Structures are given as structure tokens and as C-alpha cells.
Protein chains: 2
Amino acid sequence: MERYNDKYVIVYDFKNVDTETAEREVTVMIDDLETAGLLTEARAGYEQTLLVFVKAPRELLGKYVYRSRVKDWLYGIVQTHPGGTKDSVVDGDFEAEDLLSVYHLVNWPKDRGGAGITPGLGQWENVTSIFPLHNEAANQALLKHVSRRLFLTNEDLDRIRDLHGSKVAFYFAFIQTYLVCLAFPAVTGVLTWYLGGRYSLTYAILTCVWCTVTLEYWKVREVDLSIRWRVRNVASVKVNRPQFRWERIVVDGAGEPRHHFPRHKQVLRHLLQIPFIALSAALLGALIVAVFALEILLSESYTGGYPGVVEYVPTIMLALVLPRINGLLERVAEAITDYENHRTADHYEMSLTQKNFVLSIITNYLPILITAFVYVPFGDEIVPWLSAHTRSLLGQLGQRFLAEGEGSSHAVGGVVDATRLRDEVIALALTGQVSSFFEENVLPVAKRKLHAWYRTYRAPTTTMPTTDDVEPFAQEEARFLRSARDQATRTPYDVQEDIAEIVLQFGYLALFSPVWPLISIGFLVNNIVELRTDLLKIAMEHQRPAPVRSDGIGPWISSLDFLTWAGSLTTGAIVHLFGASSIGAGAWWALPITIFISEHVFMGFRSLVRYALQRVGSAHIRRERDERYALRARYLREMEAGEAEEQRRRGGGGAQLSVAEKERRKSVRIMGGEAFFTRQMEHGASTAAGLSLIRACRGVGAVGEYEDDKSHLD
Amino acid sequence: MERYNDKYVIVYDFKNVDTETAEREVTVMIDDLETAGLLTEARAGYEQTLLVFVKAPRELLGKYVYRSRVKDWLYGIVQTHPGGTKDSVVDGDFEAEDLLSVYHLVNWPKDRGGAGITPGLGQWENVTSIFPLHNEAANQALLKHVSRRLFLTNEDLDRIRDLHGSKVAFYFAFIQTYLVCLAFPAVTGVLTWYLGGRYSLTYAILTCVWCTVTLEYWKVREVDLSIRWRVRNVASVKVNRPQFRWERIVVDGAGEPRHHFPRHKQVLRHLLQIPFIALSAALLGALIVAVFALEILLSESYTGGYPGVVEYVPTIMLALVLPRINGLLERVAEAITDYENHRTADHYEMSLTQKNFVLSIITNYLPILITAFVYVPFGDEIVPWLSAHTRSLLGQLGQRFLAEGEGSSHAVGGVVDATRLRDEVIALALTGQVSSFFEENVLPVAKRKLHAWYRTYRAPTTTMPTTDDVEPFAQEEARFLRSARDQATRTPYDVQEDIAEIVLQFGYLALFSPVWPLISIGFLVNNIVELRTDLLKIAMEHQRPAPVRSDGIGPWISSLDFLTWAGSLTTGAIVHLFGASSIGAGAWWALPITIFISEHVFMGFRSLVRYALQRVGSAHIRRERDERYALRARYLREMEAGEAEEQRRRGGGGAQLSVAEKERRKSVRIMGGEAFFTRQMEHGASTAAGLSLIRACRGVGAVGEYEDDKSHLD
């Protein structure tokens, strides 16, 4: 079985251009690739695409891999020089290392030795994607291995890193760590539920503590893995993204030209996020509140026809409108992120995902927050008020369809209660998990199957023929090409989306866990499946991601920090309002006190956990420190070897001064320079002087007895 | 004028030992010093002390200075190798660099090439101190220079660093930065006061913002200066303190033996601080509350004789008892810090000072907090309750001396008001400043003068004669010796105490500024004087500090962070309770809401300031990055020079493969290895294949037209 471990595919789509342009662009592209030293093979793709297979010759690749290692060392990402000279040719330690260098050869600008092929950008807007081919055998083996074991070890994570690079591997490391930690709230959750504790204070505290410990532990683990994978601070070595617009070239202290974009401008542009988030929150919030109000109104007071249908109208409206508004906001987020002008592709990607995450936080958590803190506690006042106002607003129409507020059974009775909150959380959290499972795993497969069928159906008239080889190894090649063509039609894999999903889930736990303690066991089961299906998803439904490196899950840490902190507020408030044993018996005036206490206990505990974990540190950090120390120690030993010898020589003869030095010092004395240290110059003179001084003082202690012993003046 | 810029003095006190021991110890000491290669001169000190003057010969010192620079480079403190070889002899760039190496030669253990003289420890318990002699001319010049200018520039701070080392210089940098920043609250404070704003919300917000900005700015400035002075992360290079007790020697990854003390034990020991601080706070708190209660009781209800005297009894009691209890607690703090087993002297010193600072925070701020949040708001209820309870407790006696609670005019009237709070803050903050000024500057001078007078008075019978030289340069030497003897009687300078004072002052501002807006102008004036008198104090009243290095003010940053945060709580609360426009009209139930808002606005603002300042960064950080980049760039350029040449060669002939490579690939194909990339091997073959594929697809689009163009298979 061949290992297609260092092939890249460039997909050129000529659907939207005339033949002439297509020919010109393809000629330039292949020329550029060949100029960069790459081997190319052009083949037909599905529909009007051309697949250019790219591979780096052994020597070129080995040199690039070596150079990239040296660069890592220069930028302080690893502590030890890789050895070798500038002409060294090395094999990648693992598949992803080789692949990354091929990626750089294709993607990097020409002045860095690459071919400068940037999909969708400028000259290359018809290049739809660049992706490495899946290593199907390795994928299969990994999936089989992972499906057989419950916990992934470091070695298992290494295998993921070997295939897909550290950025993807960090996602799996994160979900794995989180998954193992989930066992604790799952057990305590079941216990709490069994003991009948609803809105239990104990469970809330335990979960808050758990969130903190999990998060702080992950931070250590992240550093640990980043050292294990030799990618710590890897961001500093990343090149500019092609879209980065610099204002001028600055010649830095090193006499090196650098693309410069003023820092204060960048900060100011980043600040644009604040109004964007505030406005989005306001917009989405208003929408959700409106739909919510309408829903309540209809379910509580509507008396017209088709009540079963009318009740769902607002939810359906929301379902129709929300994706559109979200889509709009996401486009705005993208525009803002473009404007922010990030230097590296990583920063850009992360900044964008963060914005989208804030949007999804609002749509996911706001309904629950409204239910918990507005609808349930104030429902009895709000519903009559709402229906009264609506009636007066709608006038004639309202009179006809809405019941009298006073007469409504719901508004008076106790139907507006805490079960509504529980249902809301279950509905949003669990259906979210299930629907995202379908969206991720079932839908794309169905879509692709359908598309493939359609393609075959239309094949005779519009697609290129693909399997008419008759050569001896044509069979093999035909299979290979079929797979490559199939991969070319897939979408790229975006690891940030998967991380966002887990972070959102963590948020449910941090913010609303006391509402329904069983939620964590649901999450636990979901994640055990999720981890495996995500691996499968990458292998079967997506293009293989370029194995780019990162030293962790980046700004998601801040999101998790934020959610844990917010959790200390909301769980405190929920337990206060709905729980049994609250300060001031759950009164509103005591709520800020509860929140204040809850928040500060959390912050104190967090400092403690951070302090302890930072001191204890991680095994890899210690090993790295040891290595660095070894390097220095060796250097110092060499220096000190000579020194020690000299010391011994000196020790043998006491502090005997050389004749020359003695003469020099005498001459200094005579010349009127610094005379002081010339007095007790002979060996033992100081000691003699000291002893005589002590004796003088002790002996009689009178003035006459002592004199400034002229003997030690020379 | 001579520059005594590299002399150390070792003070040996033989008051408490017999002559024999003294002689033995002095012999060993001078022998050790000479073995380390140092020059020595013994002279008599005041009373029963011996002064051993130590100086390193030029060659030894130069070698040590060089080695220390190399070590800095190895430990990553500076980015560029100092140049030279292991036998290089260099001059210190400034006085403190030379002095530090002399200090290491005297103080470091013998296996590191030092003489191992550790004052007050084990073998050397009769060595009372080791100190460098003041450079009086430089001190004078510096004082004169500083007294003539209002703002210290970086160059002025450099001069302090040159004389006293970076640890001391950082204190002056801190007070200078703080002082300049103080101008803002001083101006707004005067304005607020002029406009009659008591407990002004605006002023409170401005001060809170100011605290945050000042603190975050100082953090940047600290990093800036630490790079300027080449001491960033200098802690890692520090040697073990002699008291450090390791459990075992661990051979680390580098095969290097290292003294190891288990990390988890250290963390557990550090956690001891928490009960200590809690208990101290409880003890001091109880004491202060008791005295407070007694004072109130007496001033409000005492009706016996001598009211003017009796009223002050509790305060006098407190004044007598507090120092004793504080002293006791400080000894406990020292014992705990000993037990914490810090590896370096710096960590030990900082940990101890932090504990003492917590104690002083409690004694300084607690009375104000009690006045603000208990006495003033609840005084009307507490005073009658107190006097009633005391009366029933004291029985007969109480009946005689205490007025009826009901009849007392104070308890009913409005005397318990906010002016009491203002008076308390003014009294504690300003008298604290004034008294500390006297304690620092006036008292020690008076004490030493008195002591000197006493010494002269008793001289004929107990002290050694010191000025009976008759040699030609005896006059000069006599003057020098008089100065050295005088310095030997001084106390060492502790920079931490001075920092603590400023941090305490910052705390008053952060916590209680709205109480009396004029307070910051008082602080401003005080600090302008303080900066100068502190320089004078070091020069005139203390032994010159060993010029040890540090990269900032260390854990004081956390103290300042804590105070700023606490300030967001207290100022919010004070404005709420005493101000004009509060939520819920200053009601108690609304207090937590105010505090919650105030705290979270503060935290949000702090994140913003941090974010912005970290992005903008500091000039020195950028320059350091540039330097590192230059180093790497040079290295990379060398590597790439060869690469580029090859690239050109390759570019010239397109991607023409070497004959050998072609043959190899062909043979691979024939051997049945990876055959795919052998198809379009000739130059231009891929392009031709690509173009024909596009044409085929475009041309007619039918199956028959296209065939897998055999021409590009070989």
C-alpha cells in the first residue's frame, strides 16, 4: 500500500472564466510551482475543475523541513539546535511535518521560496482550495485504535498530531481532557438528582469548583502539550497573511526591513468589537425578547381560532428570521475582522471565530437567562401587563382575540414556575447537541451522496470522463484519482467550529448546571461519541486540513474564563431565587448579596487553584527547563574548568601576590594613587594586624597600650 | 579625589566572644578571603569591632564581571553574548556592576569561587554586616542633581542604578512614576473640593480610573526599565540562599546535580499564610474594635471624674499594646517565612515584607473601614446598645460612671456623622506620613548623634583610639577611616520598607479618596520631598546597600492590584452611603448593587486598559525584539544565501530535473513503487496536460472528444 503522505492537491475551477484566461492562469500556476522546485501532475476533477497534484522532491522537502526546524530554534520555540549544517536534508519526524513544508512551498510568497498560490485571493481567485490528500490507511488505523479505547493517551494524541498537525490535535486534547473531567459532575449530578436536590446549593458549588479546576488544569495541560509537540509560542514564527496591509516598511534595529502597521491603529480597530458586540447583543436580545413576549402572550391569552397553530407562529418566525440576522451579523463580523488587519492567518481566524461565538452565546443563553430572571419570577406581573398593553395597542383586533388579563387562569395561578426553566435548558442544550450532531455528521453525507448521484445522472453531458485508463497500473491510479476527486468536492475542515461547540456546552454547565443536574451525564455521553465522530468526520467528509501548528486553543481560553466567571454569578443567582436555603429566603433585595458572595468566593478559589497549579507546574515545563539548564551548564563548565585550575593554583600559595603586582602597588603608593590597600600587602599581614587589634582592645583597653602598629603599614 | 568604588567592609564584632574564638574566627575569615583572591586590610572599628576592608584585584574582578555577564546571557536575561573568551577581563559598565561582583566574591559559597562569608549565619554569627563603602562624591553629585530638577529622567534613574543597583533604582523609578501620575488626582481633587463636592461620584470614578491606569502603566514601565537595565527575569540566575534546606540532590535531565525541595511541599507551606493572615486579621481586628468601642463608650457616656484624661485611656492603651502585638505577629511571620524555605534571598525578603504589609494594612485601614461602614451609619444604634450592655456587665461600677443611654445627648442627636470619617482619614493618612518622615529621617540622625556623643564621652575607657596616625597620607586615611567606622555603625537599608510606605499611601488614595479629595495634593507634596530625602537617607543614615539586582518591585504589583480592586468596592460603597445621588437613595439594600456595578465597571475598564497597553507595548520591549530578530535574521540570511543561489540556478532552467533524478523516478515507476509522479516528468508536461484537459472539457464536453492524453504519461 502506498502512503500518499506528502501530496497536495490544488483545485482550479474554470467554470466562471473563459478558456483563454483559464489556460493562462494554469500555465502561470504550474510554472510557478515548478519554479519553486515542486513536481506537478495535472488531472481532471469533477465538473469544470482541474486538479494539480503537487509533490516536493525528497531533497527540496528535506531541506525545507530542516530550515523550518532551524527557524523554530532561532525564534526560541525549541531550545536545542537541530544540528546539521545549512545543507542538511532531513526526513520529517512525522507525516504532518513533511506536509506542512509542502504547504509552505505551495502557499508562501516567492521571496520566501514558495510558489505563492493563495486560493481565492487576487491572481488566484479561481483556485478554490489547496489541500493535502488524506492518508486513508493511517486514518483507518487511527479510527480503529480510538474506537477501541475510552481514554486517549498522550501517544494517541501524538498520532492525531502526526496526521493532522497540532492545531487539530489540540482540539482533541481539549475535548479529551474535558471529557475525563466531566465524569465528576456526571456522578455528582446523578447523586443530586437521586437525592431529589433541585437547585441544590451543594451541587452548584461543586460544579463551580469543577469548572475552575478543569479550566486551570487544561491551561497547564495545554502548555504541557505545546512543549511536547515543540510548538510553544509558535505564533511568533508565523508569516504575514497575504491580506495583511502594512502602512510602510520600517527598517528595524537589526537593519532588517519589516512590514509595519501602527500598533495604536490596530488597538483602535480592535476596539470596534465593543460597539459591534453591544449592538448585536441589543439586536438579537430585542428580537428574542419580542418573540418571547409574543409567545407568552399567545399561549396565555390567545382565544381566537387554531390555538395549536397560532402558538407556534412566533417560534417559527424566530427560526426563519434568526439565521438570516445571524448571517448578516456574521458578514459584518467578517468585515470588521478584515478591517482589523491581522498579521497572521491564525489571528484572523481566531478573531473571527470569537465574534461568531459571542453571537451564538447570545442566541443560546439569552432565552434561558430571560426565563430564569424575568419570566419565571415576574411572570405573574408581566403576563397581565403584556396582554393589557397589547390589547390597548391592537384595539379592536386585540379585543377579539385576547382574553381579559384578569380572567386568564395562567396569569393568576402558579403555572409560571421553575419547571419552565428546566424545560428551557433541556430543550436548548440537548436538542442543540442532537441537532448539531445531525448537522455535522448526517446532513453533509446525505448532501454529498445526493450531489454525487446528480453528477452521475448528468455525467454523459457535462462532466469529464475519469476512469478510462487502460495502462497496467491504471486500476490503482483510477482508484486514487477517484478518491482525490471526491476529496476535492468536500468542504475544508474548520477546527474552530468544533471547539466552539464544546465551549458552548461548557457554558451550559457553568451557567445553568443547578437547573437540571442530569445535564452533565448527557454531555458526557455526547462527548464520548463526539470525539470519535469528529475524527471520522475529518476523514470522511472534509478535505484534510493543512497541518498548521498552534500552541493551544488560543483565545478560547478567555471564553472559558469568561463563562466560568459568569457561571459564578448565574448559578449563585439561580440557587438564590429557586433554591431552598437562600439568604433572605430568596428575596430580591438579597440577590446582589448572594451574587457578590458567590463571585468573590469563586475568585478567591480561582486564585488559589492557579497559584497551586502554577507552582506544581507541568512535567514538560520542568523537562524543558532542565534541557535549557543542561545547555548552559555545559557552557559554564567549560569556562569554569580553566577558572578552577587557576583557583587551585592560587589556593596552594595562599593569596601570594605576584612580584609584578607587588611592585605595581608599591609604585601606586609612591605615586600618591590609591594607597590604602598597599599597607597589608604581604601574605598574612592583614591577619596579623587584625589579631593585634583585637588583642590591643582586649588586653588593657587603654589608649597608651595601642598604637596603629606600624609593622603592617608595609 | 579617590573613588572608593569597589571596596567592601566586613564588620566583625567580638563583644560577645572570648579573645581566643575571636582570633580563630578572624584568622579563618581573612584566610578565606585571601584564598578567594581578595585583598584585605584590617582596621579597628568603633567599640569592640574589627573592620576588614576587602577589595578585588583588577584582574580577578574583571574576570568575575565578565563571567557574570556570560551567565546572564546563558540564562536568557540578555539576548546578546558579551563577546570575548573565557579569559576576558572587563571593566564594569558602572560602579554597581563591579560592586556586585565583589559582593559575590565575599558572599558566595566557596564552590562558586566566593569566600563564603555570610553575616550572622552559622560560622559567621559574629560578622554583623558586609557592606560596600559609600561613594561620597557620587552621592553628593547625585543629590545635588536631583534637588535641582522636578522630574527624574531615565538617565537620572540610570545614575541611581549605577550607584545602588537596580533593586533600589526600581523603588525610585516607582515613586517617580507614581508622583507624576499623582498630578492628576491632585488637580481633580482640588477642583472637586473647590466645587464643594463631598463624596463626589465623579471624583470617585476618576480616581478609580486613575489608579487602574497608573498601575497598568507602571507595569509596562517596569518591563521597560528591566530591559533597559538588562535585568529582566534576573531572578532565575540568583543562587540559593545559604538557609535554603534542600531535601535531596536530584540529577536533572542535564546530568547536573541540583538541590531539590519538593514543589508540593513548598505550595503546602505557602498555604500556611492563609490561616496566619486570617488569625492576625481577627486578632488585630478584635483589638481595634474593642478599643474603638471603649473609646466611643467613654466619649459618649462617661460621667465620672477627669473626663479629659479617661477619654484617651483606650487610645494610649492601643498605642502601647499594638506595637507589641505587631512585633509578636512579625516574629511569627518571620518564623513562617523561614519555614517556607525560599530558594533565593529575594523571594524570602519579598515574602516576609508581604506578610508585614498585610499586618500594616489591617492596622492602618481597619479603623477607617469600621468608622465608614459601622460607626457612622449604625452609631445611633450601637452607642446606646453598647452603654446599656456595659452597664449591665459592670453592674454597680457601670451605674456610677456611665450615663443613662436614654439620657445621653450624643446617642440621640446627629453627632455621629460623616465628618468623623473625614477626620479619621486625615488623621491616619497625614499623621502617618509626617510621623514616618520623622521616624525615617529625624529620629535615626538624632539617635546616631546621641550615640556618637556617648561614645566620645566614654572613649577614654572603652573605645579604641582611631586618629593617631602621623604618616604623610595619614590625614587622608584618618578621614577615610572615620567615615568607614561611622558607616559601620549605621543600619542596613531596606528598600522594601520604603516601597511599603508608598504602596500604603496608594491604598489610602484607592480606598478612601472620595472622603477627602484634598488628600492627593498632600501626598504629591509629601512624595516630592520623600524621593529626595530617601536618597539622602541612603547616603547619610544607612550602610550602602549591596547593589543586588531585581527586575521590578516584585510582589508589590499584586498588592497594588489588590488595593485597586478593593478600592472599586470601598469607594463605591462610600459614595453610595455618604454621597448625594445614590441608587435607592443610599439605602442599605441597594449597597450590594452599587458595589456590584462599581466592581464590574472597574474590572471591565481594567481589561480594556491592559489590552490596549499590552498591544501598544513599550519601546524597550520592541527594541529587544528587534535585537533578537537581528540575530536570527543574520543567521537565516547565511543559510538562505546558499539557498537563493540554488533557486536562481533552478529558475534559469525551469524545473528541469537532473538526469539522475529522472532516471531514479523512472526506475521507481518500473519497480512498481510510487508511480504517480512519473507521468508528467518532462518540463512543461504538466502544463500541457492541464491545458489539454481544459480544452477537452470546454471544446465539446463529450466523452469521445477527450481521452487521457497518453502523450503526458511519459
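## A walk through chain A and a pocket in chain B

Start by selecting chain A as a surface: its accessible area comes to about 32,200 Å², with 61% of that belonging to carbon and sulfur atoms. Keep in mind that this is a predicted model, with an ipTM of 0.73 and a pTM of 0.80.

Now switch chain A to cartoon, and you'll have 22 helices and eight strands to look through. Of the 714 residues here, 53% are buried. Turn on contacts next: among those in chain A with a separation of 6 or more, 76% link residues 24 or more positions apart.

Time to colour by pLDDT. Chain A averages 79, and 79% of its residues reach 70 or more. Select residues 154–194 of chain A: that's helix 5, where confidence is highest at a mean of 93. Then jump to helix 13 of chain A, residues 409–412, where it is lowest, at 39. Two more stops in chain A: residues 668–673 stay under 50 and have nine contacts beyond four places in sequence, while residues 700–714 are also below 50, with 26 contacts beyond near neighbours in sequence. Where pLDDT is low, don't read the predicted coordinates in detail.

Last stop, the second largest pocket, with a volume of about 620 Å³. Select B:Val78, B:Arg228, B:Trp229, B:Arg230 and B:Val231, which lie nearest its centre out of 31 lining residues. To see what frames the pocket, show helices 2 (58–74), 3 (95–107), 5 (154–194), 6 (201–228) and 20 (619–652) of chain B, each supplying at least two residues of the lining. Colour that lining by class and you get 12 charged, 10 nonpolar and nine polar residues.

Definitions and conventions:
Residues numbered from 1 in each chain as written. Chains lettered and ligands numbered in written order. Predicted model: local features only at pLDDT ≥ 70, side-chain atom pairs only at ≥ 80, totals over all residues. Heavy atoms only, no water. Helix = DSSP H or I, 4+ residues; strand = E, 2+ residues; numbered from the N terminus. Buried < 20%, exposed > 50% of the residue type's maximum accessible area, 1.4 Å probe, protein only. Contact = heavy atoms within 4.5 Å. Areas by Shrake-Rupley, 256 points an atom, 1.4 Å probe, with all protein chains shown as cover. pLDDT = per-residue confidence, 0-100. 1 Å grid on protein atoms, 1.4 Å probe; cavity = no way out; pocket = protein on both sides within 12 Å on 5 of 7 lines; lining within 4 Å. Points joined across faces, edges and corners; volume = space filled by probe spheres on them. Nonpolar A, V, L, I, M, F, W, Y, C, P; charged D, E, K, R; others polar.
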